[in-house]
Amino acid sequence: MKPWNIEICDVTLRDGEQMPGVSFRREEKMDIAGMLDSIGVDVIEAGFPVVSKYEMQSVTAIANMGLDARICCLARARKGDVEAAVEAGVDMVSIFIATSDLHIRHKYRKPREQVLEEACAMVEYARDHGLEVRFAAEDASRTDLEILKDAYRKGADHGATLLSFADTVGCLTPLQMQHIMQELVADARKPLCAHCHNDMGLATANTVTAAETGAFQLHTTVNGIGERAGNAALEEVLVAAHMVGGVDRYDLTPLNNISRLVAQYSGVPVSKNKAIVGEYAFSHESGIHIAAILEDPATYESIPPELVGGERRFILGKHSGKKALEHVIGALGYHLSETQVCWVLDMVKLRSEHKCSITPDILKKLITESQEVR
Ligand code: MN
């Protein structure tokens, strides 16, 4: 199988920041941009400069960091927005217009042809000012396919080098995404981008399907933060690209660190069972599982934790078994008789069935007490 032909555009600093209550300071944006660059992310969408003076300064600062990644910013199809992008010194601008009837009716109050014409003029204007231009269709997933193809043709004709498909409200399933992408890829003159939201919990699935169907630029955010239910998660898309897509040019080891950094700066904690970066992503409690993992971790881990800077952990609880407990006791430096191990195991199960967690301190106390048991 040929590896996926993809690049990653991470939009944590723009779409991620549109999550309710999230606002990054300039230094925080720069920290995150630096880590995204160390992973090898191809494009960093740094912000939406026309929003405020401070946002303009942040985008400019990132554009001046000298990173390997190309720096992108967002612009409506308005001259002032594109001029702000030029002023910020970014490499790429994403010029977006909504293309669905619903959005055109409620947002623009002018004919579709006029909206498209004005956008194409801005694509040309940006290109003529030396910017790489992504022509982005908002609410593309609810746009008639023939209308969308026509819009992409015109965007490409006027100088866009990337054509972005946004499932803005996260309403697609992977099979629908596959069908649409096949149609668009066959028709488009420039590479396509997939920008997926997570309203039905399918953002990563749809992004991965888009990649498997020929989309080139995949949009992600760290921890999947973003408007409403968020965007496709960087860590999930990258691991799929590595494990399934045969893409090996990204360094995945900083993923756990960047996840913690973004959780801290955004104030949005990561759920314990979040794929790849959640506290329990590589934790095991079941005695059956742990006994097998001690033989070969691949039995119950499809992703090696060290690949993504994660750590395997054994959690003791009501499903624990003797082998797991012996392993943990041994790792703590104790040697107990079989009777003593069984006594500790009984106590562990009893406690956890009363919803008491088995902290390391409690375990050590149980081990000490067990040494009285004969
Ligand atoms: Mn979005």
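How many bridges join strand 2 to strand 3? Four bridges join strand 2 to strand 3 (residues 70-76), and the two strands run parallel.

This is a predicted model, in which local features need pLDDT of at least 70 and side-chain atom pairs count only at pLDDT 80 or more, while totals for chains, interfaces and linings use all residues. Residues are numbered from 1 along each chain as its sequence is written, and side-chain values use heavy atoms, with hydrogens and water left out.

**Overall**

The secondary structure comes to 14 helices and 10 strands; helices (H or I, at least four residues) and strands (E, at least two) are DSSP runs numbered from the N terminus. The C-alpha trace spans about 85 × 40 × 35 Å along its principal axes. Of the 374 residues, 52% count as buried, where buried means under 20% relative accessible area, exposed over 50%, and partly exposed in between (1.4 Å probe, protein chains only). Among contacts (heavy atoms within 4.5 Å) with a separation of 6 or more, 70% come from residues 24 or more positions apart.

**Strands 1 to 3**

Strand 2 (residues 43-47) is mostly covered, with five of its five residues buried. Strand 2 pairs with strand 1 (residues 7-10) in the parallel sense over two bridges; two strands pair if DSSP finds at least two bridges between them. V43 of strand 2 is the bridge partner of C9, and C72 of strand 3 is the bridge partner of E45. The chain crosses from strand 2 through helix 2 (residues 53-63) to strand 3 in a right-handed β-α-β crossover. Strand 1, helix 1 (residues 26-39) and strand 2 also make a right-handed β-α-β unit. Right-handed here means that, with the strands pointing away from the viewer, the path from the first strand over the helix to the second runs clockwise.

**Manganese site and S164**

The protein donors of the manganese ion are D15 (OD), H195 (NE2) and H197 (NE2), at 2.0 to 2.2 Å from the ion. Donors are N, O and S atoms within 2.8 Å of the metal (3.2 Å for Na, K and Ca), and sites may look incomplete because water is not among the atoms. Along the chain the donors follow the spacing D-x179-H-x1-H. Both H195 and H197 are buried. H195 is also one of the residues in contact with S164, leaving aside neighbours of S164 within four places in sequence; the others include R134, F135, Y152 and H219. S164 lies in strand 6 (residues 162-167) and is buried, with a relative accessible area of 2%.

**Helix 11**

G287, I290, A291 and I293 are the buried residues of helix 11 (residues 287-295). Seen down the helix axis, these buried residues fall within an arc of 165°, so they line one face of the helix; the arc is that of the directions from the axis to the C-beta atoms. They pack against strand 9 (283-284), strand 10 (313-314) and helix 12 (322-331). On the other side of helix 11, I288 and E295 are exposed. At the helix start, a side-chain oxygen of S286 reaches to within 3.2 Å of the backbone nitrogen of I288.

**Positive phi outside glycine**

Two loop residues that are not glycines have a positive phi.

| Residue | Phi | Loop | Relative accessible area |
|---|---|---|---|
| R109 | about 50° | between helix 4 (101-108) and helix 5 (112-128) | 70%, exposed |
| I276 | about 70° | between helix 10 (255-266) and strand 9 | 6%, buried |

Note on methods. Polar contact = N/O pair within 3.5 Å; in protein donor to acceptor, adjacent residues only side chain to side chain.
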